[in-house]
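Thank you for sending this structure for comment. The points below are meant for someone meeting it for the first time, and they can be followed with the model open alongside.

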Amino acid sequence: MADTRGSRAGDEAAGFEVGPTFRRFSQKDDIFCRSFWDPEIRSDRSDMFYETYRTPRMKWRDVEGFTQRDYAVRNASWHVTDIFAEMREQGDRREGFLDPYSVLRDGPGVRVHVDSPEAGAREVKHVAKTFGADLVGITGYDDRWVYTHAYSRDGESEKVQELPADLPHVIVIAQAMDLDLIGTVPSALSGTATGMGYSRDTLVLLALSQYIINLGYRAVPTMNDTALAIPLAIKAGLGEYGRHGLLITPEFGPRVRLGKIFTDFPLAHDRPRRFGVRETCEVCRRCTDACPAKAIAGGPPSDAVHNRSNIPGVTKWTTDAERCFRFWSNQNTDCSICVRVCPYNRDYGKWRNRLWQRLAGGPLRRLALWLDRRSGRGERRSPKEWWPRGQTSVEKAG
Ligand code: SF4
Ligand code: SF4
């Protein structure tokens with residue numbers, strides 16, 4: 001078993017408060033798994049929600065942003081990830097969602113020399129970025145965030161967690177989601193940002209893992225399976241928890257998708273980075289007010305859980321996943337309204353947005369929030385405007 005004491009010692013820097021009632025999480029209790037086995041969550045609406053990812057028919061909903069073309073582009077964006085998820089379904093594996101990726105070649109059996117963990121970290125980050133990673137951080141193995149059990153779709157039950165416990169390092173990858181697409185939330189079209197995030201994640205996770213294996217070391221690439229990604233990402237220095245329960249990064253705000261690789265390649269660990277998110281969330285309720293499902297609490301961080309889909313014993317902002325998922329099912333696509341409205345959701349390639357982040361990170365954060373509200377930044381953009389010249393070729397022909 002890997003030593004996790006070093007990781008736990010960094011809890012305070014990460015802003016974690018893990019209490020005596022803490023219990024590790026089983027993936028069976030994840031809301032997406034529950035939507036298959038739990039009659040409290042599964043419904044005709046949730047079955048139809050999944051069906052829309054397979055069949056982009058003319059009208060799932062008669063609303064702008066939910067046309068056949070919108071579903072077509074959204075579903076196509078998931079295609080790469082879906083291929084890998086479905087490749088081994090016959091063997092009761094949905095890789096990337098319920099099981100680690102396994103489509104990897106064997107290594108040479110000879111390990112290259114690595115000068116130092118610091119040199120190893122520099123090398124891995126360089127290669128990850130070359131393969132297309134937007135952000136890369138490194139932390140230690142911490143069994144608290146690893147699922148006690150994986151979930152078997154065939155058996156609708158828990159199955160053995162296959163991750164070896166002797167891989168001491170975790171490389172966390174973040175892929176940015178498209179700002180313009182997120183601006184059209186709620187819409188089926190906006191789900192394209194999510195699908196592209198995952199498909200790009202799949203590529204980087206597989207390629208980087210194969211690189212490490214080619215050097216003679218072990219690597220297990222995982223996406224939504226195997227472990228909770230956000231605590232690992234925070235420990236790896238990628239960002240902070242927001243009130244909406246998502247990771248907020250300095251580079252892309254909350255607009256990221258995460259993946260992680262467990263490995264024994266020698267790596268130095270990053271430190272958590274704080275840039276004022278917690279303090280901002282204490283005075284901002286934008287996501288709470290905007291959430292149509294009333295799934296985001298407006299009070300202080302707490303270790304209270306809404307239902308079995310929350311991890312017990314961790315003091316933080318926790319969303320009600322049941323309410324959230326029911327809203328997704330009812331509107332026939334995923335929702336990222338809390339991402340769209342979050343003041344940290346900006347293009348940090350622009351100097352004025354970097355300046356805004358500095359303002360929000362200090363004593364003038366209330367001014368920063370006031371400026372954000374006045375700017376209209378978080379307003380919904382029309383899905384029609386995203387398509388060339390505001391209308392599709394079919395509509396023009398008609
Ligand atoms: S995704 Fe939508 S429904 Fe879920 S918490 Fe965010 S705003 Fe609420
Ligand atoms: S919308 Fe406001 S309260 Fe919610 S996560 Fe973003 S900054 Fe925090």
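1. To begin with one helix pair in this predicted model, α4 and α13 are roughly perpendicular to each other, because an angle from 65 to 115 degrees is counted in that way. The two fitted axes, that of α4 (residues 44–51) and that of α13, cross at roughly 65 degrees and come within 8 Å, and the crossing in which α4 passes α13 is left-handed.

2. Which residues of α4 and α13 meet in this pair? From α4 the residues are Arg45, Ser46, Phe49 and Tyr50, and they meet Phe325, Trp328, Ser329 and Asn330 of α13. Divided by class, the residues of this contact are four nonpolar, three polar and one charged.

3. Helix α13 also deserves attention for its place beside ligand 1, since the shell around that ligand draws on α13 (321–331) and on α14 (337–341), each of which supplies at least two residues. The contribution of α13, with three residues, is the most that any element gives to this shell. The residues surrounding ligand 1 are Cys291, Pro292, Ala293, Ile296, Cys324, Phe327, Trp328, Cys335, Ile337 and Cys338. By class the shell has 10 nonpolar residues, with no polar and no charged ones.

4. Trp328, which belongs to the shell around ligand 1 and to the contact of α13 with α4, appears again when aromatic rings are considered. The whole structure, when searched, yields 23 aromatic pairs. One of them is formed by Phe32 and Trp328, a tilted pair with 5.7 Å from centre to centre and 50 degrees between the planes. This pair links distant parts of the chain, for Phe32 lies in helix α3 (residues 31–37) and Trp328 in helix α13, 296 residues apart.

5. A second helix pair is made by α5 (residues 68–77) and α9 (residues 191–214), whose axes cross at roughly 15 degrees and come within 7 Å. Because angles under 35 degrees count as roughly parallel, α5 is placed in that class with respect to α9. The crossing of α5 past α9 is left-handed. In this contact Val73, Arg74 and Ser77 of α5 meet Gly191, Thr192, Gly195, Met196 and Ser199 of α9, and by class there are two nonpolar, five polar and one charged residues.

6. How are α15 and α16 oriented to each other? The axes of α15 (residues 351–360) and α16 (residues 365–375) come within 7 Å and cross at roughly 140 degrees, and the two helices are therefore oblique to each other. Trp356, Leu359 and Ala360 of α15 meet Arg365, Leu367, Ala368, Leu369, Leu371 and Asp372 of α16, a contact that divides into seven nonpolar, no polar and two charged residues.

7. Two details of the backbone remain, and each of them can be inspected in a loop. Val185 and Pro186 are joined by a cis peptide bond, with omega about 0 degrees, and Pro186 is found in the loop between α8 (179–182) and α9. Glu156, a residue other than glycine, has a positive phi near 50 degrees, and its place is in the loop between β2 (149–152) and β3 (157–160).

Technical notes: Residues are numbered from 1 along each chain as its sequence is written. Chains are lettered from A and ligands numbered from 1 in the order in which they are written. This is a predicted model: local features need pLDDT of at least 70, side-chain atom pairs count only at pLDDT 80 or more; totals for chains, interfaces and linings use all residues. Side-chain values use heavy atoms; hydrogens and water are left out. Axes are lines fitted to C-alpha atoms, for helices over the stretch in contact, and angles run from 0 to 180 degrees between N-to-C directions. Helices (H or I, at least four residues) and strands (E, at least two) are DSSP runs, numbered from the N terminus. Angles under 35 degrees count as roughly parallel, over 145 as roughly antiparallel, 65 to 115 as roughly perpendicular and the rest as oblique. A crossing is left-handed if the near helix is turned anticlockwise from the far one by less than a right angle, and right-handed if clockwise. Contact means heavy atoms within 4.5 Å. Ala, Val, Leu, Ile, Met, Phe, Trp, Tyr, Cys and Pro count as nonpolar, Asp, Glu, Lys and Arg as charged, and the others, Gly among them, as polar. A residue is near a molecule or strand if one of its heavy atoms lies within 4 Å of it. Rings of Phe, Tyr and Trp (its six-membered ring) pair if their centres lie within 6.5 Å; planes under 30 degrees apart count as stacked, over 60 as edge-to-face and the rest as tilted.
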